[in-house]
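Biologist: I would like a close look at a single part of this model. Please take the ligand site and walk me through it.

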Amino acid sequence: MHYVSHLEGAIDGTVLPFGQLANLHNGRPIWVRYHLDRIRDAVTPADIARRPPSLWRYRELLPLPLDVEPVTLGEGMTPLLPCPRLGKELGLSRLLVKDESQLPTGSFKSRGQTACVSMAKWLGVTRVALPTAGNAGGAAAAYAARAGMECYIFMPADTPVVNQFEAHLYGAKAYRVNGLINDCGKIVKDGAERMGWFDLSTLKEPYRIEGKKTMGLELAEQLGWTLPDVIFYPTGGGTGLVGMWKAFQELLELGWIAKDTKLPRFVSVQAEGCAPIVTAFDKGERFADLFPNAKTVASGLRVPVAVGDFMILDAIRASGGLAATGREDAIGPWMRRASTAEGIGICPETAVCFDVLERLVKDGTVGRDESVVVFNTGAAPKYLEALPAELTSLDKDHIDWAALGG
Ligand SMILES: *Cc1c(COP(=O)(O)O)cnc(C)c1O
């Protein structure tokens, strides 16, 4: 029992069957489509409000059959936190942070992994593999462990040390590769058949988007089935942005948000050291070129080629939004400034968002009375490289109280 009608090639609309393993279609991602009319008859927002606070509360809008147990660590329903102090500093009256750092494995990658690992398990997969330069590996390793699956992870040697550690911690077969993320991707592609791996790479299977889509569903539910004016989203592979836009279309069609709802404008944020989507957006193009020599401490944004580039760019433009870069040298200062202002540990990817937000409020692109939601996509303590703690040492026998400001 499920409400999926079919799968659909995103590049050409080809209808594809549901219920068997799928990766790409014509080298591009695949959408999941639902019988929304049947979902409208089967469940209401009031029913959902009575369910446990996990993203699986949107069960009918997710692909896993209703009688199949998901592979879950209790992910979802992250807090949507008002940030009046930081808002005031930026000149905004309604600033909210959706704090995804509280999710299992400390990033919103767990939303995607609960969905794609659940589906892979249901479809009989026992071995998964993926390339990663950041949080995806730890999340995949944890959910694979939860599912009792084998997991192979390939990481460039400069992957943050905590991400290397967590892949190992959850028992994945994790390898450090002397190459870039695309070299790691090639290992997974080349080994898929020989090693019997199912490829869990970003957007290379249809279900990670469906997990990430729940950010949009939660946002709407938490705002009483309304939506904010502007969403700031740190964009790497773009799964979350594409997923949220899909969620909003589905909510409109279900009638769970009002027909005349003005959908939020997306501000897709990248770091200046890796900004393929911003470059394509500025040139008016639908497909992005490889971004050469990608380098940023915001590891979630270090995606020089996104297989779903056209889906990201289509969503940004349809929303009336834009793509913009933040400064690399502003990342550390913004992490500390935003975290200090509100007590929310802000990750480097989100620090880049605040750098852009400040600029766009100043130039009037974002109105001072607009409601703005910024996604805090990961847990700051995972990024030892981005913000080294510079603490002053004390000699326990000679405490200078005056110097402490006492
Ligand atoms: C992966 C990641 C991103 C980028 O997410 P996409 O949905 O792939 O664009 C942003 N921030 C963090 C912390 C991440 O781990």
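Which polar side-chain atom lies 2.8 Å from an oxygen atom of the ligand?

Modeller: That atom belongs to Lys109. Keep in mind that the model is predicted. The distance from the Lys109 side chain to the ligand oxygen is 2.8 Å. Backbone atoms take part as well. A polar backbone atom of Gly237 is 3.1 Å from an oxygen atom of the ligand. For Gly240, a polar backbone atom lies 3.0 Å from a ligand oxygen. The ligand on its own has 380 Å² of accessible area, and the protein covers 97% of that.

Now the shell. It holds 17 residues around the ligand. The closest are Lys109, Tyr233, Gly236, Gly238 and Thr377. By class, the shell has 10 polar, 4 nonpolar and 3 charged residues. Two elements each supply at least two of the shell residues: strand 10 (230-234) and helix 9 (239-254).

Next, a sheet elsewhere in the chain. It is an open sheet of 4 strands, ordered 8-7-6-9, with parallel pairing. Strand 8 (173-177) and strand 9 (198-199) are the edges. Each has a single partner strand, so one side of each lacks a neighbour in the sheet. Strand 6 (residues 127-131) pairs with strand 7 (residues 150-156) over 5 bridges, in the parallel sense. Within that pair, Val128 stands opposite Cys151 of strand 7. Helix 6 (residues 161-169) lies across strand 7 and strand 8. Its angle to strand 7 is about 165°.

Methods. Residues numbered from 1 in each chain as written. Predicted model: local features only at pLDDT ≥ 70, side-chain atom pairs only at ≥ 80, totals over all residues. Heavy atoms only, no water. Pairing = 2+ DSSP bridges. Contact = heavy atoms within 4.5 Å. Axes fitted to C-alpha atoms, helices over the stretch in contact; angles between N-to-C directions. Near = heavy atom within 4 Å. Polar contact = N/O pair within 3.5 Å; in protein donor to acceptor, adjacent residues only side chain to side chain. Areas by Shrake-Rupley, 256 points an atom, 1.4 Å probe, with all protein chains shown as cover. Nonpolar A, V, L, I, M, F, W, Y, C, P; charged D, E, K, R; others polar.
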